[in-house]
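These are some notes for a colleague who is coming to this structure for the first time. Please keep the sequence and the model open while reading the points below.

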Amino acid sequence: MDKLKSVLSGTDGPNENGNILQAANEASTLGWGTRVKGFIICFVIGVTCSILGVCMLFIPKVGILLFIIFYTFGNICSLCSTMFLMGPVKQLKRMCDKTRALATTIMLTCLVLTLCAAFWWVNFGLALLFCILQVLAFAWYGLSYIPFIRDAILKIITMCVK
């Protein structure tokens with residue numbers, strides 16, 4: 001109630017010198033059980049939407065559009081599900097780490113470009129290309145959380161190329 005009064009009166013409350021990330025961190029005071037439940041629910045919704053999107057791919061005329069919508073929404077839900085476990089601030093900091101910054105940038109860019117290609121440019125071939133890039137960037141991003149796995153994959157790839 002005090003926060004509401006301070007906002008309506010035009011004065012900042014105790015978070016006067018804080019930034020948006022601190023405010024988000026203070027707002028995320030969920031218990032561990034609630035965090036796990038939120039993670040599971042959000043992750044299941046994400047995986048279900050992704051699978052549903054693949055099933056929609058075979059519907060004539062509108063299948064590609066439905067695939068793009070469901071698959072992209074599923075990826076966004078899956079990505080947001082980890083924010084329940086770590087908290088939004090810690091997750092955003094980890095996404096911007098040196099080892100994940102490029103994968104995060106490519107993944108988020110491809111998410112946006114997929115939707116732009118589907119709705120704005122109405123080019124479904126390009127949207128499917130961005131969807132494939134989404135998958136690859138999301139996989140590379142996910143692998144960055146497993147120690148030394150990306151280095152091992154790069155070594156295998158360089159051995160195969162030689």
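1. The model is a predicted one, and a good residue to begin with is C131, which counts as buried because its relative accessible area is 3%. The sulfur of C131 lies 9.3 Å from the closest cysteine sulfur, which belongs to C110, and this is too far for a bond. A disulfide would need the two sulfur atoms to be within 2.5 Å.

2. How many disulfides does the structure hold? The count is zero, and C77 illustrates the point, since the nearest cysteine sulfur to that of C77, found in C42, is 4.7 Å away and C77 is in no disulfide. C77 is also classed as buried, because its relative accessibility is 10%, a value that falls under the 20% cut-off for buried residues. For a reader new to the term, a disulfide is a covalent bond that joins the sulfur atoms of two cysteines.

3. Turning to charged side chains, the structure holds one salt bridge, in which the side chains of R100 and D97 meet with an N to O distance of 3.0 Å. That pair qualifies because the limit for such a nitrogen and oxygen is 4 Å. Are the two partners buried or partly exposed? R100 counts as buried because its relative accessibility is 8%, whereas D97 counts as partly exposed because its value is 32%.

4. On the surface, attention may go to a nonpolar patch of about 360 Å², which is made by L129, I132, L133 and L136. One of these residues, L129, has its place in helix α7, the element that covers residues 124-143. L129 counts as partly exposed because its relative accessibility is 43%, which lies between the 20% and 50% cut-offs.

5. As for the overall architecture, the chain has eight helices and zero strands, so that, read from the N terminus on, its elements run α-α-α-α-α-α-α-α. Among the contacts in the chain with a separation of 6 or more, 59% are accounted for by residues that stand 24 or more positions apart.

6. Finally, some totals for the chain may help to place the residues discussed above. Of the 162 residues in the chain, 27% are buried, and the chain exposes about 10,900 Å², of which carbon and sulfur atoms supply 74%.

Definitions and conventions
Residues are numbered from 1 along each chain as its sequence is written. This is a predicted model: local features need pLDDT of at least 70, side-chain atom pairs count only at pLDDT 80 or more; totals for chains, interfaces and linings use all residues. Side-chain values use heavy atoms; hydrogens and water are left out. Patches are made of residues with over 30% relative accessible area and no salt bridge: like charges are joined within 9 Å, nonpolar side chains (Val, Leu, Ile, Met, Phe, Trp, Tyr) within 5 Å. Accessible areas come from the Shrake-Rupley method with a 1.4 Å probe; for residues, only the protein chains shown count as cover. Helices (H or I, at least four residues) and strands (E, at least two) are DSSP runs, numbered from the N terminus. Buried means under 20% relative accessible area, exposed over 50%, partly exposed in between (1.4 Å probe, protein chains only). Contact means heavy atoms within 4.5 Å.
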